[in-house]
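Visitor: I have a structure to look through with you. Could you take me around it, one question at a time?

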Amino acid sequence: MPLLQKITLLSLMLATLTACQTSQISQNPNPQTPKPYPWQSPSHALTNDMSLRAKIVQVAKDEHQTWGSPFLDTNGRLAKYRSLEADHTPLANGNMAWQQVMSYWYDSGALQTVPNYENLHCQSVGLSARHNSCRFFVLDVAWSAAFISYVMTQAGVPDFAVSARHFDYLAQAYRGVGAYRLGDPKAVSPQLGDMLCYVRGRDDMTGFADFSEYLASAKKWLPAHCDIVVERHDNELWLIGGNVLNGVTLRKIATDDKGVAILPSKSDNVCTPNDETACNFNRQTWVAVMSLGNEW
């Protein structure tokens with residue numbers, strides 16, 4: 001396919017995806033099966049005697065290690081960094097970074113929730129983004145929800161709302177469907193396998209109460225992000241998320257003596273070299289804990 005035609009096709013797909021920001025929450029995924037891809041799927045050493053929580057943590061940690069274990073410290077500063085999402089330098093498992101991301105899309109089924117995904121041709125494995133529409137896709141389409149969907153499907157979480165949007169499984173948990181339930185991040189102590197979530201671009205939303213009110217009457221989705229709790233330490237949580245600074249990145253969050261996250265709120269100041277106090281990647285509009293039910 002000529003380069004201009006590829007770019008035009010991908011632009012159409014991305015425009016359609018952007019348009020979906022005002023679509024109904026209940027949009028059904030396209031049932032068509034994606035085309036096979038030519039690289040290696042990630043693998044994880046999960047056993048039947050592992051709890052569901054342990055499986056979730058294992059998959060997330062495996063992926064984090066594959067990406068070279070980048071992390072943010074408790075001050076929200078990037079402390080270690082290795083690979084960008086579109087890099088062609090191999091990760092620890094031999095896949096290039098963009099191939100690993102495409103595995104999350106394919107292996108979770110999240111790709112099928114992207115409008116017109118069947119037009120994405122991923123048979124090419126060329127290193128140049130100009131010659132590979134898959135690499136274009138990884139660069140231009142947010143994949144953090146695909147990563148969460150991948151972890152949950154690999155771990156075998158029942159009835160999880162696989163999606164390209166975090167909001168879909170947040171809304172599912174609010175409705176009391178599936179293995180997760182929503183809680184207030186300022187009151188609930190997250191356990192292993194739980195998730196902490198924030199929303200983007202909503203200055204009018206300050207926390208769980210506002211988010212719950214929105215969910216009660218929502219007709220449209222909100223941009224959001226969730227990270228998985230993988231370790232609990234004294235006065236500190238470790239979480240792993242996808243597409244955090246363009247990779248699978250660990251985030252450290254301080255906690256109080258009860259294990260409740262101390263979540264820095266959004267600052268009115270702008271992060272600049274003249275005001276470093278506003279520079280903190282953990283400063284987000286945190287709105288929910290997604291907690292696994294007691295049976296897990």
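Visitor: Is Arg 53 buried or exposed?

Guide: Happy to start there. The model is a predicted one, where local features need pLDDT of at least 70, side-chain atom pairs count only at pLDDT 80 or more, and totals for chains, interfaces and linings use all residues. Residues are numbered from 1 along each chain as its sequence is written, and side-chain values use heavy atoms, with hydrogens and water left out. Buried means under 20% relative accessible area, exposed over 50% and partly exposed in between, with a 1.4 Å probe and protein chains only; because Arg 53 has 18% relative accessibility, Arg 53 counts as buried.

Visitor: Which residue meets the side chain of Arg 53 in a salt bridge?

Guide: A salt bridge here is a side-chain nitrogen of Lys or Arg within 4 Å of a carboxyl oxygen of Asp or Glu. The partner sits in the loop between β3 (180-183) and β4, while Arg 53 is in helix α2, 141 residues apart. That partner is buried, with a relative accessible area of 2%. At 3.0 Å, N to O, the residue that pairs with Arg 53 is Asp 194.

Visitor: How many salt bridges does a search of the whole structure find?

Guide: Side chains of opposite charge can pair when their charged atoms come close. Arg 165 and Asp 168 form one of these bridges at 3.1 Å, N to O, and both residues are buried. Arg 251 and Asp 227 form another at 2.7 Å, N to O, linking strand β7 to strand β5 (residues 224-233) across 24 residues of sequence. For the whole structure, the number of salt bridges found is four.

Visitor: How many residues of α2 are buried?

Guide: Helices (H or I, at least four residues) and strands (E, at least two) are DSSP runs, numbered from the N terminus. Helix α2 covers residues 52-66 and reaches 21 Å from its first C-alpha to its last, close to the 21 Å expected at 1.5 Å a residue; the expected span is 1.5 Å times one less than the number of residues. Its buried members include charged side chains, among them Lys 55, Asp 62 and Glu 63. Of the 15 residues in α2, the number buried is eleven.

Visitor: What is the relative accessibility of Glu 63?

Guide: Glu 63 lies in helix α2. Leaving aside neighbours within four places in sequence, Glu 63 is in contact (heavy atoms within 4.5 Å) with Pro 42, His 44, Gln 100, Tyr 104, Phe 147, Tyr 150 and Val 248. Glu 63 and Val 151 are 8.9 Å apart, C-alpha to C-alpha, though 88 residues apart in sequence. Glu 63 counts as buried because its relative accessibility is 1%.

Visitor: Which helix gives the largest share of the largest nonpolar core?

Guide: A nonpolar core is a set of buried Ala, Val, Leu, Ile, Met, Phe, Trp, Tyr and Cys residues joined through side-chain atoms within 4.5 Å. This core has 66 residues, and Ile 56, Trp 105, Tyr 180, Met 195, Phe 211 and Met 290 touch the most other members. The helix in question supplies eight residues (from 144-155), and ten of its twelve residues are buried, so the rest of the structure largely encloses α5. The largest share therefore comes from α5.

Visitor: Where does Tyr 198 lie?

Guide: A second, separate core of ten residues includes Tyr 198, along with Val 229, Leu 237 and Ile 253. Tyr 198 counts as buried because its relative accessibility is 6%. Beyond four places in sequence, its contacts include Ala 224, Arg 251 and Trp 286. Tyr 198 lies in strand β4.

Visitor: What is the relative accessible area of Phe 281?

Guide: Phe 281 is in the loop between β7 (249-254) and β8 (285-292). Together with Leu 78, Tyr 81 and Leu 84, Phe 281 forms a nonpolar surface patch with about 350 Å² of accessible area. Patches are made of residues with over 30% relative accessible area and no salt bridge, like charges being joined within 9 Å and nonpolar side chains (Val, Leu, Ile, Met, Phe, Trp, Tyr) within 5 Å; areas come from the Shrake-Rupley method with a 1.4 Å probe, and for residues only the protein chains shown count as cover. Phe 281 is partly exposed because its relative accessible area is 41%.
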